[in-house]
Amino acid sequence: MAKGFRQKIRLKNTENSGFGSNASGRFINKDGLPNVQRRGVNVFNRLSWYHTMLNLSTFRFLSYLVIAYILINIVFAMIYYLIGVEHLTGIDKSDPLNEFIDVFFFSSQTFTTVGYGRIAPVGFTASLVATFEAFLGLLTFAIATGLFYGRFSRPRAYLRFSDIAVVAPFQDTTALMFRLAPYKNNALTDADVILSTAIEVVEDGVAKNNFYRLDTHLSKINTLALNWTVVHKIDENSPFYGFSEDDFKNINIEIIVQIRAFDEVFSNTVVQRSSYVSREIVYGAKFTPMYYPAKEHLTTVLDLDKINEYQTADLPVREEEQI
């Protein structure tokens, strides 16, 4: 364990992290969600389907809707087919495949309440199934519309975090840095950062996590228009004071990040979280600039492809390390 860390036992262990000292694994995933498995309840009570559908990527959300739509119509087509195609008028009875295709498209027309009229149910059973399917279709499209509106109108920060954090030279010492930037044209103001860390220590042969609040060189900015490099100075008040490159590699560390900002369009506060573990910290490096003036010097270009770019840097050596 790092010599400096032994000396920092006097640092106050934060108790409001939301995680216990015996928690294991990563605490916050890269997508900002807690890395927690919940047991003791069934899947219907464990998951909020509304939140799950809102958090899906656009491709997966649309894919699930299309797949569900096709499967529902296949199920009803099979029901109509089992009832008998003779209970549906206008069916092409030239072969079983054409019959099933016609029944499938009749199901889709009934589910969407389009009803072109070429095929119609005859008899009580077929009419009852068609009535239930039309009712189910109305409910399904109402839910889908609500999900579309919820995804479209949901306030989000739309921030992109660097995949890595770096230990870079800063002033007369070193600092832990990472950066973030907005990637959409939303306007964020009054942005502030809450930074904490979990460090695994071994006491009496038992591994536990200590949580510490990390001070930042700049904890709040008025407008988040370009990238923001968050800096935690590694000095006597830092739990990382005295850490070497091997310490950052071998000790289980997680930097937990929370960004809060005000979105002027939604007139609401938005929050986004991320984290960095030991393997994502590059020792002896500094980020390269990711924005520059345009050719006509009338605007500024923010190149998000450069958010992870860095170069090696020599770190200052403290006096006690020179002895």
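**A walk through the model**

Start by selecting His297: at a relative accessible area of 59%, over the 50% cut-off, His297 is exposed. Keep in mind as you click along that this is a predicted model. His297 sits in the loop between strand E14 (291-293) and strand E15 (300-302), and its phi is positive, about 55°, although it is not a glycine. Most residues other than glycine have a negative phi.

Another such spot is Thr113, where phi is near 60°. Look for Thr113 in the loop between helix H5 (96-111) and strand E2 (120-121); with a relative accessible area of 46%, Thr113 is partly exposed.

Stay in that loop and select Arg118 together with Asp102 in helix H5, 16 residues apart. Their side chains meet in a salt bridge (3.4 Å, N to O). Arg118 is exposed at 52% relative accessible area, whereas Asp102 is buried at 11%.

Next, highlight helix H4, residues 58-83. Its 26 residues should span 38 Å at 1.5 Å a residue, and the end C-alpha atoms are indeed 38 Å apart. Show the side chains of its buried residues, Phe61, Asn73, Phe76, Ala77 and Tyr80. They pack against helix H3 (49-55), strand E1 (88-89), H5 and helix H6 (124-153). Just after H4 comes Gly84, with a positive phi near 125°.

Now for the interior. Which residues have the most contacts inside the largest nonpolar core? Select Phe178, Leu180, Trp228, Phe240, Ile255 and Val257; the core has 33 residues. Strands giving two or more residues to this core include E5 (173-182), E9 (228-234) and E10 (253-263). The largest share, six residues, comes from E6. Zoom in on Phe240: leaving aside neighbours within four places in sequence, its contacts include Leu176, Ile199, Leu214, Phe248 and Ile255. Apart from this core lies another, of twelve residues, among them Tyr80, Leu88, Ile91 and Val129.

Finish with more charged pairs; the structure holds seven salt bridges. In one, the closest N and O atoms of Asp172 and Lys233 are 3.9 Å apart. Asp172 is in the loop between E4 and E5 and Lys233 in strand E9, 61 residues away along the chain. Asp172 counts as exposed at 62%, while Lys233 is partly exposed at 26%.

For a pair within one element, select Lys249 and Glu245, whose side chains meet at 3.4 Å, N to O. Both lie in helix H7 (residues 245-250), four residues apart, about one turn of the helix. Last stop: Arg26, Lys30 and Glu280, joined into one network by salt bridges that share partners.

How values were computed
Residues numbered from 1 in each chain as written. Predicted model: local features only at pLDDT ≥ 70, side-chain atom pairs only at ≥ 80, totals over all residues. Heavy atoms only, no water. Buried < 20%, exposed > 50% of the residue type's maximum accessible area, 1.4 Å probe, protein only. Expected span 1.5 Å × (residues − 1). Contact = heavy atoms within 4.5 Å. Core = buried A, V, L, I, M, F, W, Y, C linked by side-chain atoms within 4.5 Å. Salt bridge = Lys/Arg side-chain N within 4 Å of Asp/Glu carboxyl O.
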